[in-house]
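Q: I would like to learn how to read a structure feature by feature. Could you take me through one, starting with a strand pairing?

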Amino acid sequence: MLRCRPLLALVPLLVTSTAAIADTLWLTNGDRISGTIELLQDGELVMNTELAGRLRVKVENISTFEAEHALLIKTPGQAESSLAVSASDTSGTVNVLNGGTQPVLLEISTIQQMLEPNPIIEDWVWSGDATAALDIKNTTTDQRDLDLAFDTRARHGDWRHVVGGEFERDYRDDVKSRHVWQADYDVSWFFDEKWFWQTAAGYERDHIEEIARRKQFGMGPGYEWWNDALGRFETSARLDRVELESRDGSTDTFNALGLQWELRRYLFSKRFEAIHNAEALIPDDPAINFGLDAELGIRYLVNSWASLSLLTEWDYVNGNSQNSINHTRYRLGFGIGW
């Protein structure tokens, strides 16, 4: 949202430094901003600029704009993909080119949603985030928590690589209560626009609990329900091989059906991001019925690269009295994204 004149004073610099970026926004007060249009929703246009970061502008403050790349535009009763959007001489409107010989004049106020379509990926695309968090607990004990996590993904053509890791070390009254680190790697091959075949490997090292090491390997199909400028959602099913090593050196190996889903969804013109990840394991071990590792939370995007998050983690194992686990944690974290 643009409300202060000092910020608009940066506009000449933005225009000069982002000449290679195609999108341009003209405001009703005569100012102009250049950058990349990410989204128009809920009466606000979100533009990412090189110097000022992500800006939000109310629709009533927009005179016109232009974008030379394709955009998905949704108006009441209609949704279509435009090849380009050019500036209009009439304030409050744009010219939309849909493949015809003449552009169509469209009122900006009638646009319910506008975003970039999912592109055909030819070159490497890399994104990720890293978070440092503290546990939130209602306790009178002296506690020192350290939780570092990262998740990064790279996409090239039909292949996608995802690498994640987490390190946790907690103290309660100067006694170490948790010391765990884990790493995961997934590679997915998209044999269709939505369907993919996933191969996943994971390793966990616990320095305190009875299970000292966990190794997991599996593969199976998955489906990407959506992946656009507003977020993504996908599900997968795998046949996993799991090996557990106890602290006394004994091992337990079993097969399991793994069900996994991941949801990311931007809310309120990309001010917030809803997060939900979960993995369920149904092993062929009679001592364990099923296990669930879930994460649910919300992330507030401070700017284009920094965020604050509040997450709930739930570890649950349904089995006999010796193997049952029900552990819930709440984490407040600061993260960076790229």
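A: Happily, and please keep in mind that this is a predicted model. Let us begin with a bridge partner: threonine 93 is matched with glutamate 107 in S10. That match belongs to the pairing of strand S9 (residues 93-97) with S10, which is antiparallel and has four bridges.

Q: Which order do the strands of this open sheet have?

A: The order is S8-S9-S10, an open sheet of three strands with antiparallel pairing. At the edges stand strand S8 (84-87) and strand S10 (104-107); each has a single partner strand, so one side of each lacks a neighbour in the sheet. On average, neighbouring strands here are turned by 40° against each other, direction ignored. When you look along any such strand, a general idea helps: in a regular strand the side chains alternate between the two faces of the sheet.

Q: How many bridges pair S15 and strand S16?

A: There are 10 bridges, in the antiparallel sense, between S15 and strand S16 (residues 195-206). The two form a hairpin, with five residues between them. To find your place in this pairing, look for valine 180, whose bridge partner in S16 is aspartate 206.

Q: And what joins S16 to S17?

A: A hairpin through four residues does that. S16 and strand S17 (residues 211-228) run antiparallel and are joined by 11 bridges. Here tyrosine 203 is a handy marker, as it stands opposite lysine 215 in S17.

Q: Let us turn to charges. How many salt bridges does the count give?

A: The general idea is that side chains of opposite charge can pair when their charged atoms come close. In this model the count comes to 21 salt bridges. One of them joins arginine 178 and glutamate 168, at 3.0 Å from N to O. Arginine 178 lies in strand S15 (residues 175-189) and glutamate 168 in strand S14 (residues 159-172), so this pair ties together parts 10 residues apart in sequence.

Q: Are arginine 178 and glutamate 168 buried or exposed?

A: Arginine 178 is buried, and glutamate 168 is buried too. Glutamate 168 also meets arginine 329 in a salt bridge, with 2.4 Å from N to O. Arginine 329 is in strand S23 (residues 325-337) and glutamate 168 in strand S14, so here the parts tied together are 161 residues apart in sequence.

Q: Which other glutamate forms a salt bridge with arginine 329?

A: That is glutamate 313, where the closest N and O atoms are 2.4 Å apart. This pair links distant parts of the chain, with arginine 329 in strand S23 and glutamate 313 in strand S22 (residues 306-319), 16 residues apart.

Q: Why do arginine 329 and glutamate 313 count as buried?

A: The cut-off for buried is under 20% relative accessible area. Arginine 329 has a relative accessible area of 4%, so it is buried. Glutamate 313 has 10%, so that residue is buried as well.

Q: Which residues are linked in a network of salt bridges?

A: The network links Asp147, Glu166, Glu168, Arg178, Glu295, Glu313, Arg329 and Arg331.

Q: What describes a pair of aromatic rings?

A: Such a pair is described by the distance of the centres and the angle of the planes. The count here comes to 11 aromatic pairs. Among them, tyrosine 223 and tryptophan 225 are edge-to-face, with 4.7 Å centre to centre and 75° between the planes. Tyrosine 223 is partly exposed, at a relative accessible area of 22%, and tryptophan 225 is partly exposed at 46%. Elsewhere, ring pairs link Trp159, Trp189 and Phe191 into a cluster.

Q: Which arginines lie over the face of phenylalanine 190 and phenylalanine 196?

A: Arginine 155 lies over the face of phenylalanine 190, at 4.1 Å from the ring centre. Over the face of phenylalanine 196 you will find arginine 160, at 5.2 Å from the ring centre.

Q: One last feature: how many residues has the largest nonpolar core?

A: It has 22 residues, and those with the most contacts inside it are Leu25, Leu45, Phe65, Ile73 and Met114. Several strands each supply at least two residues of this core, including strand S1 (23-27), strand S3 (44-49) and S9. The largest share, three residues, comes from S2.

Notes:
Residues are numbered from 1 along each chain as its sequence is written. This is a predicted model: local features need pLDDT of at least 70, side-chain atom pairs count only at pLDDT 80 or more; totals for chains, interfaces and linings use all residues. Side-chain values use heavy atoms; hydrogens and water are left out. A salt bridge is a side-chain nitrogen of Lys or Arg within 4 Å of a carboxyl oxygen of Asp or Glu. Buried means under 20% relative accessible area, exposed over 50%, partly exposed in between (1.4 Å probe, protein chains only). Two strands pair if DSSP finds at least two bridges between them. Rings of Phe, Tyr and Trp (its six-membered ring) pair if their centres lie within 6.5 Å; planes under 30 degrees apart count as stacked, over 60 as edge-to-face and the rest as tilted. A charge sits over a ring if NZ of Lys or CZ of Arg is within 6 Å of the ring centre and within 35 degrees of the ring normal. Axes are lines fitted to C-alpha atoms, for helices over the stretch in contact, and angles run from 0 to 180 degrees between N-to-C directions. A nonpolar core is a set of buried Ala, Val, Leu, Ile, Met, Phe, Trp, Tyr and Cys residues joined through side-chain atoms within 4.5 Å.
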